[in-house]
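Here are a few exercises to work through with the model open beside you. Try each task before you read its solution.

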Amino acid sequence: MFNFAHVQTPLRDAITSAYRLYEPTAVQNLANTLNFAQEQKNEITDLARRLITQVRADRSKSSGVDALMHEFSLSSEEGIALMCLAEALLRIPDNATRDKLIRDKLSDGDWKSHVGNSPSMFVNAAA
């Protein structure tokens with residue numbers, strides 16, 4: 001039986017070269033493959049700005065998990081700890097190990113500094 005996993009095709013070469021590519025470079029590479037007229041580019045830019053502005057405005061009024069993610073962003077030690085914990089918990093089959101992991105990941109954070117930063121009761125209770 002032939003193993004196709006070792007066949008290097010132009011598509012595989014492209015995927016391999018783009019693996020872990022710096023995001024702005026990847027976006028620029030993709031943008032360079034597009035052939036929009038200037039008017040279309042302007043319309044796309046205007047739509048993107050409107051969408052981003054709306055998302056940012058709506059985010060400031062967020063609640064629940066979205067508010068939690070906003071308060072504990074990946075730019076904070078606590079946000080990183082929560083993300084690592086969420087990813088790891090998916091793979092742990094027993095409660096005792098889960099409890100140990102939770103204690104380990106959450107013990108070092110400065111959780112009190114987040115209390116009162118959000119209007120969300122959910123976020124403040126979590127902090």
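**Exercise 1: the largest pocket**

Sorted by class, the residues that line the largest pocket are 9 nonpolar, 2 polar and no charged ones. Keep in mind throughout that this is a predicted model.

Task: find out which helices supply at least two residues each to the lining of the largest pocket, and which element gives the largest share.

Solution.
- Step 1. Select the pocket, which has a volume of about 250 Å³.
- Step 2. Mark its lining: Val 65, Leu 68, Met 69, Phe 72, Ser 73, Leu 74, Gly 79, Leu 82, Met 83, Ala 86 and Phe 122.
- Step 3. Compare these with the helix limits. H4 (64–71) and H5 (77–89) are the helices that each supply at least two lining residues.
- Step 4. Look for the largest share: H5 provides it, with 4 residues.

**Exercise 2: the two sides of H4**

Task: decide which residues of H4 are buried, and which exposed residues sit on the face turned away from them.

Solution.
- Step 1. Apply the cut-off for buried, under 20% relative accessible area. In H4 this picks out Ala 67, Leu 68 and Glu 71.
- Step 2. Look down the axis of H4: the buried residues fall within an arc of 105°, so they line one face of the helix.
- Step 3. Turn to the face directed away from that buried side, where the exposed residues Val 65 and Met 69 are found. Both of these also appear in the lining of the largest pocket.
- Step 4. Ask what covers the buried residues of H4; helix H7 (121–126) is part of the answer.

**Exercise 3: the nonpolar core and Trp 111**

Task: list the members of the largest nonpolar core, then trace the contacts of Trp 111 beyond its neighbours within four places in sequence.

Solution.
- Step 1. The largest nonpolar core has 5 residues in all: Ala 67, Leu 68, Phe 72, Trp 111 and Val 123.
- Step 2. With those sequence neighbours left aside, Trp 111 contacts Phe 72, Glu 78, Leu 82, Leu 106 and Ala 127.
- Step 3. Cross-check with the pocket: Phe 72 and Leu 82 are among its lining residues.

**Exercise 4: Gly 116 and Arg 20**

Task: place Gly 116 and Arg 20 in their loops, and say whether Gly 116 and Arg 20 are buried or exposed.

Solution.
- Step 1. Gly 116 lies in the loop that joins H6 (95–106) and H7.
- Step 2. Gly 116 counts as exposed because its relative accessibility is 58%, and the cut-off is over 50%.
- Step 3. From Gly 116 to Ala 127 the C-alpha distance is 8.9 Å, with their positions 11 residues apart in sequence numbering.
- Step 4. Arg 20 belongs to the loop between H1 (10–18) and H2 (23–32). Arg 20 also counts as exposed, at 73% relative accessibility.
- Step 5. Check the backbone of Arg 20: phi is near 60°, a positive value in a residue other than glycine.

Technical notes:
Residues numbered from 1 in each chain as written. Predicted model: local features only at pLDDT ≥ 70, side-chain atom pairs only at ≥ 80, totals over all residues. Heavy atoms only, no water. 1 Å grid on protein atoms, 1.4 Å probe; cavity = no way out; pocket = protein on both sides within 12 Å on 5 of 7 lines; lining within 4 Å. Points joined across faces, edges and corners; volume = space filled by probe spheres on them. Nonpolar A, V, L, I, M, F, W, Y, C, P; charged D, E, K, R; others polar. Core = buried A, V, L, I, M, F, W, Y, C linked by side-chain atoms within 4.5 Å. Buried < 20%, exposed > 50% of the residue type's maximum accessible area, 1.4 Å probe, protein only. Contact = heavy atoms within 4.5 Å. Arc of directions from axis to C-beta.
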